[in-house]
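Good morning, and thank you for making the time. I should like to talk through how the protein and the DNA meet in this model, taking one strand after the other.

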There are 2 protein chains.
Amino acid sequence: MPSTAELAYLAAYDASQFPRPSVTVDVVLIALDGDALRTLLVRRTEQPQKGRWSFPGGFVRIDESLDDAAARVLRDKAGIDGVFLEQLYTFGAPERDPRTRVISVAYYGLVDHAALAAAAASLGEHDRVATFRVPWEGERGGPVDLLDAHGKALSVAFDHRDIAGTAIKRLRGKLAYTPVGFALLPREFTLLQLQRVHEIVLGTRLNKDSFRRRMLASDTLETTGTAQEGVDHRPAALYRRRETGDSFHG
Amino acid sequence: MPSTAELAYLAAYDASQFPRPSVTVDVVLIALDGDALRTLLVRRTEQPQKGRWSFPGGFVRIDESLDDAAARVLRDKAGIDGVFLEQLYTFGAPERDPRTRVISVAYYGLVDHAALAAAAASLGEHDRVATFRVPWEGERGGPVDLLDAHGKALSVAFDHRDIAGTAIKRLRGKLAYTPVGFALLPREFTLLQLQRVHEIVLGTRLNKDSFRRRMLASDTLETTGTAQEGVDHRPAALYRRRETGDSFHG
DNA sequence: TGAATAGTGTCTATAAGACAATATCCC
DNA sequence: GGGATATTGTCTTATAGACACTATTCA
């Protein structure tokens with residue numbers, strides 16, 4: 001409950017006494033498709049950097065939280081709702097946008113690939129599913145390339161290659177101790193599929209025996225009692241993520 | 001190199017077409033003093049929330065990067081320069097500041113305690129060294145209390161208890177795989193002092209044998225060839241951090 | 001039957017926890 | 001010497017990597 005003095009102060013406050021930056025959110029939407037991580041890019045149809053590719057983004061409204069703004073951008077620009085979405089980092093170099101001072105709060109989200117492909121298909125030639133190519137190992141960090149379907153690096157707007165790098169670094173860091181890996185898989189999956197997800201995210205090969213033991217001992221999986229069907233070999237048992245108290249927000 | 005079309009667009013751009021939030025930086029300055037982590041708080045002398053305690057902060061200038069703004073705040077409000085400083089998280093709930101929409105980019109910094117105490121002493125009764133009291137274990141996260149010298153919880157402004165919690169969580173997370181622990185110690189230290197730092201940051205006791213082996217095997221320490229002097233027991237060997245390629249920014 | 005992957009069992013190497021024994025300082 | 005912490009060494013346990021072997025499906 002504000003005091004009388006505080007209320008008087010607020011009534012007299014002049015919000016426009018200092019120049020203010022614009023604040024945007026940009027969303028790195030990540031999905032797993034086959035043997036690579038992919039993301040949704042939007043072609044810029046306006047200046048500045050017209051024709052370049054960027055992550056879907058938009059201005060933060062004056063009465064809207066940052067999380068809400070990121071969810072709204074995802075809903076409006078990709079038709080995607082209700083997915084895992086987490087703040088990444090805030091990019092605020094003074095010259096990152098030539099129009100005016102723009103500070104961007106970057107988010108990343110995890111979806112299944114069907115949703116990503118559907119979003120790109122419905123929006124036409126100004127949207128594209130691009131593939132990450134990470135030029136560094138482990139969690140060293142740094143800019144990341146985004147490739148088109150032919151493996152050619154796309155021309156990316158602003159500092160969005162840095163944003164992509166931050167997203168990959170975060171995803172790698174959270175893989176071991178949060179359930180982010182499951183968000184890239186269908187509800188039921190085999191242990192080998194889960195291992196492939198970890199390998200693709202980390203960019204390394206993993207020991208099969210050790211991965212299997214670790215996962216089964218970790219108490220994060222439960223068996224479905226069913227197995228794969230129609231595969232060219234002995235079918236593997238299907239598991240699903242065990243709903244426990246452990247959170248995505250490690 | 002912007003194109004002619006881009007330059008024409010930029011000249012015509014009206015930067016004031018949408019209402020903009022204010023953007024501030026707030027800095028959680030952390031030092032180790034005896035058996036606890038402490039931080040510098042500033043008493044608010046103006047509305048809103050006059051009389052409450054907050055982390056030192058200030059508005060981001062229109063031509064200044066976020067990192068530069070955080071360093072400037074630290075320099076101007078605490079007389080501290082050249083320390084480890086890293087972006088934490090951006091807080092943007094619409095109602096977090098009753099004046100107007102204020103989005104705060106939080107930073108944390110690590111200093112030795114002498115610098116923290118000197119800053120508080122030079123600035124008088126409107127600055128205070130407060131102690132963190134963390135009500136959760138591990139990296140679960142959540143708001144953190146700030147105590148005065150008598151152990152009483154201070155009245156903290158805005159969402160700064162959440163900012164404090166985010167700083168502690170980040171520090172705990174980075175302790176194992178970055179050199180942040182060294183930033184809280186003098187240049188030369190014993191293995192037991194290093195262990196105490198880890199225990200205080202993590203809020204748990206650690207196994208001495210295992211900690212010692214792990215540190216000596218980790219290649220991050222080098223021996224100074226000297227030992228403690230004037231202690232009440234067998235003097236321990238002194239070590240210093242080995243300057244390698246490994247970075248604070250894990 | 002052969003190709004392919006699933007799943008089990010065992011051996012070894014490494015790291016962590018426990019603890020005993022000895023070392024070195026100050027009082 | 002007594003008190004306190006440092007340092008070394010050994011034993012046990014848990015986990016990871018390696019690898020052999022069996023199981024089950026489809027073509």
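Which polar side-chain atom lies 3.2 Å from a phosphate oxygen of DNA strand C? The atom belongs to A:Lys208. I count such a pair as a polar contact when the N or O atoms are within 3.5 Å; within protein, one must be able to donate a hydrogen and the other to accept it, and residues adjacent in sequence count only if both atoms are side-chain atoms.

Before I continue, a word on conventions. This is a predicted model, in which local features need pLDDT of at least 70 and side-chain atom pairs count only at pLDDT 80 or more, while totals for chains, interfaces and linings use all residues. Residues are numbered from 1 along each chain as its sequence is written, chains are lettered from A and ligands numbered from 1 in the order in which they are written, and side-chain values use heavy atoms, with hydrogens and water left out.

Let us stay with DNA strand C. On chain A, an N or O atom in the side chain of A:Arg212 is 3.2 Å from a sugar or linking oxygen of the strand. On chain B, B:Val231 uses a backbone N or O atom, which lies 3.5 Å from a sugar or linking oxygen of DNA strand C. The elements giving two or more residues to this surface are α6 of chain A and α6 of chain B; helices here are DSSP runs of H or I with at least four residues, numbered from the N terminus. The largest share, four residues, comes from α6(B).

In total, 19 residues surround DNA strand C, where near means that a heavy atom of the residue lies within 4 Å. Those that come nearest are A:Ala237, B:Asp209, B:Ser210, B:Arg213 and B:Arg234. Of the strand's atoms within 4 Å of the protein, sugar and phosphate account for 63%.

I turn now to DNA strand D. Here 20 residues surround the strand, and the closest are A:Asp209, A:Ser210, A:Arg213, A:Arg234 and B:Ala237. The side chain of A:Asp209 places an N or O atom 2.5 Å from a base nitrogen. Phosphate oxygens of DNA strand D are approached from both chains: A:Asn207 has a side-chain N or O atom at 3.2 Å, and B:Lys208 a polar side-chain atom at 3.1 Å. For this strand, the largest share of the surface, four residues, comes from α6(A).
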